[in-house]
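Trainee: I should be grateful for a close look at a single part of this structure, beginning with one loop residue and its surroundings. Please then set that part beside other regions of the chain.

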Amino acid sequence: MRGLRRCLQGALLAATALVAALPAHAQTQGAPLRIHVRGSAQIDAVAWTEPDGFVVRGSVIDDARSPVTEAPLSIDAVTGGGAPVDLPTAEACAADGTARVREHRASQGGYTITTDERGGFCLRGRAPLANATLRVRFPGGKLYEPAEAKIPIENHAAPLAPVILRFDPPVDAIDLDRPTVNVTVALRIDRSGARGAASGATFERERLPVVIEDERGTKLAEAPTGGDGRARFELATEGLGGAGQGVLRARFDGTAALARASVAQGVVRYAQVTLALSHPVEPARAEDGVPIDVEVRSSGGPVEGGVVEALRSGEPVGAGAVVAGQARVIAAFTAEREGTVPLSLRYVPAAPWWIPGAELAIDVPVAGPGMWRQLALGAAVLAIAGWVLGGWRRAPKRAAARAGDEKPTAPPGRAGVRIVGPLDDATGWRGAVADAHDGTPIAQAELTIVVPAFDGSGVVARAVTDDAGEFSIEAPYRNDAKLVVRAPTHSSYEQALPPPSKLGIALVTRRRAVLDRLVRWARRQGAPFEGPPEPTPGHVRRVASRVQQHEVELWATRIEHAAFGPEPVDERIEQDLGASEPKPGVSQLAP
């Protein structure tokens with residue numbers, strides 16, 4: 001399992017290269033906007049009647065299955081038709097379900113109560129509530145979104161003993177490539193929690209049915225508890241759904257003496273990705289690009305999303321996006337002669353639940369230069385020989401640059417500016433802006449040439465790319481000028497302005513940039529933050545929570561939401577995450 005989790009962490013690091021981004025908001029002037037990313041909360045509770053009242057008992061947990069402590073809750077009651085119900089005076093239950101902590105009188109908004117250090121709460125009303133449903137509300141806060149749960153009150157003639165369920169051990173990752181996964185649910189009975197029960201009453205916890213469900217409410221399995229109070233399941237992974245995020249929920253429906261109980265566990269179902277050629281590769285000239293059609297599959301069927309890269313001697317020479325389990329990779333490289341060239345194909349995931357499998361080694365047949373190309377090369381040799389013989393004193397003429405003359409190149413994988421070729425017009429720059437990892441053209445990218453200035457912006461020229469990512473910008477060349485490139489969903493890049501030429505500019509998405517920031521931070525900190533094989537936001541967040549470094553935990557949570565969440569990451573969010581990066585002294589572990 002440890003090795004599988006390491007694979008999952010490695011896949012998480014690569015995911016941000018391909019997460020779809022929405023258009024970013026327009027930039028505004030003034031101080032940076034502070035962005036607070038909040039996690040989700042979940043209320044798990046049960047309620048039942050007693051001869052002289054009712055009991056509601058539960059807990060509040062976050063999306064990492066950690067307790068939400070000191071969470072303020074409001075509790076009211078409604079009928080089946082939604083009409084409000086008058087509430088009696090109530091008292092809070094202690095951890096054992098019996099002790100009176102303080103009295104709660106119903107106000108206009110119902111009862112108010114606060115969760116304990118385990119995220120739990122318990123309330124006992126002093127009069128029965130028949131045919132009613134309790135509404136438990138958590139208003140949220142700086143770290144959590146609001147949450148609400150509707151809890152029907154079960155009618156019982158006798159007091160019930162509270163029951164607590166838990167996954168033991170917790171199941172947070174499921175490998176779909178294994179035929180089954182073992183799950184154990186522990187059931188504990190609070191023997192002192194049923195007020196009015198006979199002194200010394202005993203409750204059997206053997207042969208109690210426990211049901212496992214998924215996030216859709218589909219029943220996966222049912223098993224009785226053993227003498228140790230544990231129900232053991234062997235779940236077939238083929239019935240758990242496809243790769244992705246999900247939930248396992250265990251529930252106990254109660255008996256005449258035991259209250260109902262349930263517990264939910266967030267899981268990630270992951271699968272390994274395998275590559276295969278859709279058909280043999282047809283011979284083609286390597287300089288023009290060799291099309292390679294690839295099938296991308298997992299144990300659950302075709303894979304959606306991600307990129308297949310082609311590498312030659314470890315260097316990328318082409319890439320293609322994965323759509324419905326298919327990818328077309330155009331591999332462009334230089335081949336000295338006709339024959340076969342060894343390449344390798346690898347999968348780069350777009351989501352953490354896809355685990356890249358072994359690279360696929362292939363031999364690509366390449367054709368030699370065609371007859372017309374050989375004639376052109378021969379003519380070029382004769383022309384050069386004539387130029388040499390005709391005289392050494394003539395100045396060389398700049399060859400005209402024509403669109404399409406440059407060879408196709410693989411995405412560089414990092415931000416930068418590359419000189420593709422010369423221009424006839426020595427006063428300007430032409431070229432295109434593309435994604436550094438998948439080569440997609442970037443529209444509406446702004447290019448600015450800036451020179452030092454004591455006042456004003458220092459901007460001497462500006463251009464915006466078209467839908468194909470292409471641009472044209474004119475300005476006198478200066479050695480002290482800078483080229484600044486900005487785009488809606490990509491990190492800004494700037495460098496010294498190259499001489500007038502044809503340029504290829506690559507930018508990195510802000511999602512990948514913020515994740516790279518966390519990786520660099522964790523590596524500077526070292527163990528346990530670094531984590532094998534690559535640090536991820538989830539790993540850093542869990543370590544920070546364990547060692548009570550709350551600033552680091554919050555920062556890692558915000559990085560995780562920015563890198564993998566549905567909202568776009570604009571320049572302000574990226575700058576805010578950079579400004580809030582924990583200082584080196586903040587995250588030192590306590591001795």
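Mentor: Let us begin with T115, which sits in the loop between β6 (111–114) and β7 (120–125). The model is a predicted one. T115 counts as buried because its relative accessibility is 4%, and the threshold for that class is under 20%. Its side chain has two backbone partners to consider. A polar atom of the T115 side chain lies 2.9 Å from the backbone oxygen of V68, and the side chain of T115 also reaches the backbone nitrogen of A71, at 2.7 Å. Both V68 and A71 appear again in the list of residues that T115 touches once those up to four places away in sequence are set aside. That list further holds V60, T69, E70, L73, G120 and F121.

V60 links this site to a wider feature. V60 is included in a second, separate core of 29 residues, together with I43, A132 and A149. A149 in turn leads to another residue, R135, with which A149 is in contact.

R135 lies in strand β8 (residues 133–138). Whereas T115 is buried, R135 is classed as partly exposed because its relative accessible area is 21%, and that class begins where the buried range, under 20%, ends. The side chain of R135 makes a polar contact with the side chain of D76, at 2.8 Å. Beyond its neighbours within four places in sequence, R135 is in contact with D76 and also with S74, I75, V78, E148, A149 and K150. G110 stands 25 residues from R135 along the chain, and the two C-alpha atoms are separated by 9.3 Å.

For context, the largest nonpolar core has 58 residues, and those with the most contacts inside it are F233, I292, V296, V308 and F333. Strand β17 (residues 261–277) supplies the largest share of this core, six residues. F333 is in contact with A286, E287, V290, R312, V317, V341, L343 and V366, leaving aside its neighbours within four places in sequence.

A helical region completes the survey. Helix α5 (residues 550–564) has 15 residues and reaches 21 Å from its first C-alpha to its last, close to the 21 Å expected at 1.5 Å a residue. Its buried residues are V552, W555, A556, T557, R558, I559, A562 and A563. Among the elements that cover these buried residues are α3 (510–525), α4 (537–546) and α6 (571–579). In an α-helix there are 3.6 residues a turn, so residues three or four places apart point the same way.

How values were computed:
Residues numbered from 1 in each chain as written. Predicted model: local features only at pLDDT ≥ 70, side-chain atom pairs only at ≥ 80, totals over all residues. Heavy atoms only, no water. Helix = DSSP H or I, 4+ residues; strand = E, 2+ residues; numbered from the N terminus. Expected span 1.5 Å × (residues − 1). Buried < 20%, exposed > 50% of the residue type's maximum accessible area, 1.4 Å probe, protein only. Contact = heavy atoms within 4.5 Å. Polar contact = N/O pair within 3.5 Å; in protein donor to acceptor, adjacent residues only side chain to side chain. Core = buried A, V, L, I, M, F, W, Y, C linked by side-chain atoms within 4.5 Å.
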